[in-house]
Amino acid sequence: MGFTDYYVQQQQVARVTATPGTQTKATSNSTIAGGSLPQLDWADEIVVGRRASGTEVDGEQVAASDQEVLESTEAIYFDGGSNTGLHELRKLSETGGLLDCGAIEQSMGVLRRQHRVISKKVLQLILAQRSACDEEFQRIRETERMLRDTVSMCRAARTKLDTSKLLLTTTNLEILAAYKKRQTLVNLLRTLNALKSMRSIDQRLQRRLTDADYSGAIAILLENKNLSQRFHQYRCVESLAHKLQDTLLLTEVQLESVLGEMPSEFEPGRYQKLQEAYQLLGKQLIAMDQLHMNFVSSVHTAAFTVLRQHMEVSVEESKKLTYEQMCECVPLDRYVHCLTALCRAFWKILVSYHQIRCWHQNRSLCERLAPTETVAETEGEGQPASFQQEYIRQKLESGQFRLWNDIQAKVCVFIGGGRLHALKYDQFVQILAIVQRLKKVGGEFCDSRSAKLLGAMQRQSVEFFRRYHAACLEEIGLFFDHEVWVPIGSFHDVTQLQEYRNFRHALATTARPAPAVARSSPAGPDLLPDSASSLHSQDESSLYGSCGYFLRFTEKSSPFDGGFDSTMLEEDILAGIADESSYYCSEDGSDNSNEQQPGSPARHGTAHQPASQQPLVVVNTSLTVLRCIGRYLYFCKLLHPITPQIVRSMAELIDYYLYSVHELFSADLPVPRDNLASARLRAALQRIQAELLPKLRRVWPLSDEMVRPDLTDPDTLYGLQKRVVAAESCITLVAQFRQMEAYLGGLLAGAAAAAAGQDSTGESDGWTQAGLREYLARTAEYVPDVRKPIFMCSTARVIDLQAVLSAMAKVKWDVNHVNVQHSPYIDTINRGIQYFAMKLEEQTSTVMLPPDVLWDSFVHVLTHLLVEGFSNAKKCSAGGRALMQLDFTHFWSLLEIVSGGKHPEHRAYVEQYVKAYYLPKDLLEQWLLEPHGYSAKHLAGLVQCACSSDKKTRQRLLALVESAAPSPGAAAGSTVPAGRNASPTQQQPVGLEEGSA
């Protein structure tokens, strides 16, 4: 029964039970639709309310609206779990109306009113939602219908599925049986095809091997080997399996033979196929070990092959010789060519090894960059691919050091045979250049310092230079024997010589700035000859030359092709990687600077000399010395560790020349030698005689056959011109050598720094930078002193000294009065002065002579001649002393006019001696104790004349003179005339001693 039916029935019950004027409500329950329902008073209230809504109910005086009644209803009545009866009783008890019937009925009326209002309100809400409720009931009934249809459909589907399952099982079994038969037939067909292909394996294998497709051949063999193992149950396959095994072994042998060709003929394509073949075989690591063994054996094979080609021994005999014996059998004329061929053969091997290493590096790089599709395990060994790559990388890195050490050992044995010293200079320089290039190849190949190679070359270089230096000394001696002593007019500076062409810019640079600045310049390993850039394609200064050898050359060309002359002299071959602080100057553009400023070398060459210096004088012998020094500079450049010994040998060449010139042209000196040579010159000559002459291989003294006629010819003033050329060439030689002081000092400083941390044998025989500076200063001081004894051999013969002394002995010095006429011997001296001036003028027309130096030497002879004659006087009065003054004045006036010089030192030398006659006895004694440069004989003659009347004083002063010169050295020094230590050009500070005298 729906809610509407319930409502209608309730209305009918209300009409039946209602009576007019009834004040009470029915409280009985009625049964509605088969059920008992309580009688509801609110139905009447609704009906009555619909009819007359404004009437009063139950006698209430004030009618309240339904909304007010609803709001006045307490909340406890809306709580389903509350006890409303107890609540009402409490309210009555609180108001005191618990026993008051009126209060109770009034409360009951309120409650009924509230009940009716709430029921009415609920009914209204239900009526408002009636349509929605009907729609919901309709949807529920539709859902029930759909559920019933679904259940029936599921039951029908299950029934049909059971039927289909039974039919499908039978069909599947039939299909599987048919597929099994098909697979069996396919396998049989594959087996037949495999057997058919195995019959044609030989033809395919040979075709792959002919095309050098080793990986394809190995793949065919492995494939058929696997097939033979699969079909071993067939009789026809058993014999084929043995044949395949033999073919596989023969293929591996062929692979090994091709692998053995890699050290000499590397081809990336063939090598890649080899690696793929060995990878299929799983023998990559074994192949790498075998490859290194092939490289080692190729070094030995190449060495023996090259030596057999250059030996003068038959092939059969050479097979019995060891490598060391074969090296000794190479003739000297083929030595350079043999070493070059040996290096070329080794270069091919190194290039192949370098290319193999680059190939593996590129492959590893490609594998790292490629997607991860490679198999981590190799088929043969089961090793990870990363392990194999790391093993190959380490093997290649360690193998290059072993390979280079083997090459070093072969070259060291070849050059260490002890026969390099017998080579010529040019050949030895070529050997040095080849070893230099080989050392650079080794540094680029494996970053090796090549200490073994450099040590062997240094030992041979020291021995070669020792012998070469002795040969240079002998060569200079031969030039002395055939020297005509004619100056070379085309010489301006040492840098114009061919031997200095690589040092022009360096010497010009170091001649201008301070030596300290020059020595602080960094090492320059790219020191190249001027013509290198245009002469040879291997020029290191070009842009292409800055690349490494392995980029510039291949196995078809090598760094050892072409000529090994000065173009190969690039840097110090014995200076390792740490020797880069060595002193070298960049020499690029030296030719250009020389062409643009042709006079600049002469200015640099005279940097150590005054501006008034005479033109440079060079003869063939001194030019030979300079050329030898230039070649020695190459040795310093190439053999940096032995630079101290080389620089000392340069000094020995100069010492030898100076000593030879002095001994050759002062041998016929007509006056005592000790009175002319300065103390520093005598010390130098004694040092040279003690240290250098024992090293000479020729007999001393030198021959003077070429100059003897001139040295004895009075018409040429006894070879004055040749003597001047010889003496001036000594000064020019020393000046040119001093031009190299800064450059050589830098070389010595670099060599000292390189040898600071290591023990170097023979270092005590070499020089340091301070030793070079001291030698040059000492030599520059005494070399001008060589002029005086040499020139004196000519100037002392211009006048007959004995005739003049005899004429002076005939003069009476004890006269009482002086005539205005001078003594006759003065005329003889004056005629000699005029004759000397005339000869000088004649000689100057052919060669430039130093007139000041020659006149100084000649005046030295004349003044000492006068003092010697004055000291021979037995008696001398005041008139005699005046006569001496008159003779000297007349002589000096003519001398100044003819010579054009004052010569104050020599004038003071005579005047002081003459004036000493006028000194009182006490002042004379003090004067004798002072150093004046007079000999004991001169002083004794002075005392004899000055104290002729006082015997006691004369004896006392004579004893004082004898005691003043007790030692030979001191006596020699006292007998040396005034000015003996002075430079003829008065440039040396020692001239002050003469002035003080």
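What relative accessibility does D134 have? D134 has a relative accessibility of 40%, so it counts as partly exposed; this residue appears in the view of R130 below. The model shown is predicted, with local features taken at pLDDT of at least 70, side-chain atom pairs at pLDDT 80 or more, and totals for chains, interfaces and linings from all residues. Residues are numbered from 1 along each chain as its sequence is written, and side-chain values use heavy atoms, without hydrogens and water.

**View A. The whole chain contains 41 helices and 2 strands.** Helices (H or I, at least four residues) and strands (E, at least two) are DSSP runs numbered from the N terminus. The chain has 997 residues, of which 45% count as buried. Buried means under 20% relative accessible area, exposed means over 50%, and partly exposed lies in between (1.4 Å probe, protein chains only). Taking contacts (heavy atoms within 4.5 Å) between residues at least 6 apart in sequence, 79% join residues at least 24 apart.

**View B. Helix α25 lies alongside helix α30, roughly parallel to it.** Helix α25 covers residues 643-665 and helix α30 covers residues 769-782; their axes come within 11 Å and cross at roughly 10°. That angle makes α25 roughly parallel to α30, a class for angles under 35 degrees (over 145, roughly antiparallel; 65 to 115, roughly perpendicular; the rest, oblique). The axes are lines fitted to C-alpha atoms over the stretch in contact, and angles run from 0 to 180 degrees between N-to-C directions. From α25, the residues V647, A651, I654, D655 and L658 take part in the contact, and they meet L772, Y775, T779 and Y782 of α30.

**View C. R130 and D134 form a salt bridge within helix α6.** A salt bridge is a side-chain nitrogen of Lys or Arg within 4 Å of a carboxyl oxygen of Asp or Glu, and the structure holds 32 of them. In this pair the closest N and O atoms are 3.6 Å apart. R130 and D134 are separated by about one helical turn because they are 4 residues apart in α6 (residues 130-199). R130 counts as partly exposed, at 34% relative accessibility, and D134 counts as partly exposed too, at 40%.

**View D. K695 is joined to E652 by a salt bridge.** The closest N and O atoms of K695 and E652 are 2.7 Å apart. K695 sits in the loop between α26 (679-691) and α27 (708-711), whereas E652 sits in helix α25, so the pair ties together parts that are 43 residues apart in sequence. K695 is partly exposed, with a relative accessible area of 43%. E652, by contrast, is buried, with 11%.

**View E. R956 and E925 meet through their side chains in a salt bridge.** The N to O distance is 2.7 Å. This pair links distant parts of the chain, 31 residues apart: R956 belongs to helix α39 (residues 951-964) and E925 to helix α37 (residues 921-929). R956 is partly exposed at 40% relative accessible area, and E925 is partly exposed at 27%.

**View F. Four residues share a network of salt bridges.** The members of the network are R357, E390, R393 and E397.

**View G. The largest nonpolar core has 223 residues.** Such a core is a set of buried Ala, Val, Leu, Ile, Met, Phe, Trp, Tyr and Cys residues joined through side-chain atoms within 4.5 Å. F414, F635 and I829 have the most contacts inside this core. Helix α14 (residues 335-369) supplies the largest share of the core, 16 residues. Setting aside neighbours within four places in sequence, I829 touches I799, V804, L862, L865, L866 and F891.

**View H. D447 and W485 are residues with a positive phi.** Most residues other than glycine have a negative phi. Phi of D447 is near 55°, and phi of W485 is near 60°. D447 is placed in the loop between α16 (425-446) and α17 (451-481), while W485 lies in the loop between α17 and α18 (504-511). D447 is exposed, with a relative accessible area of 62%, whereas W485 is buried, with 2%.

**View I. Q67 and I118 are 9.7 Å apart in space, from C-alpha to C-alpha.** In sequence, Q67 and I118 are 51 residues apart. Q67 is found in helix α3 (residues 66-72) and is partly exposed, with a relative accessible area of 45%.
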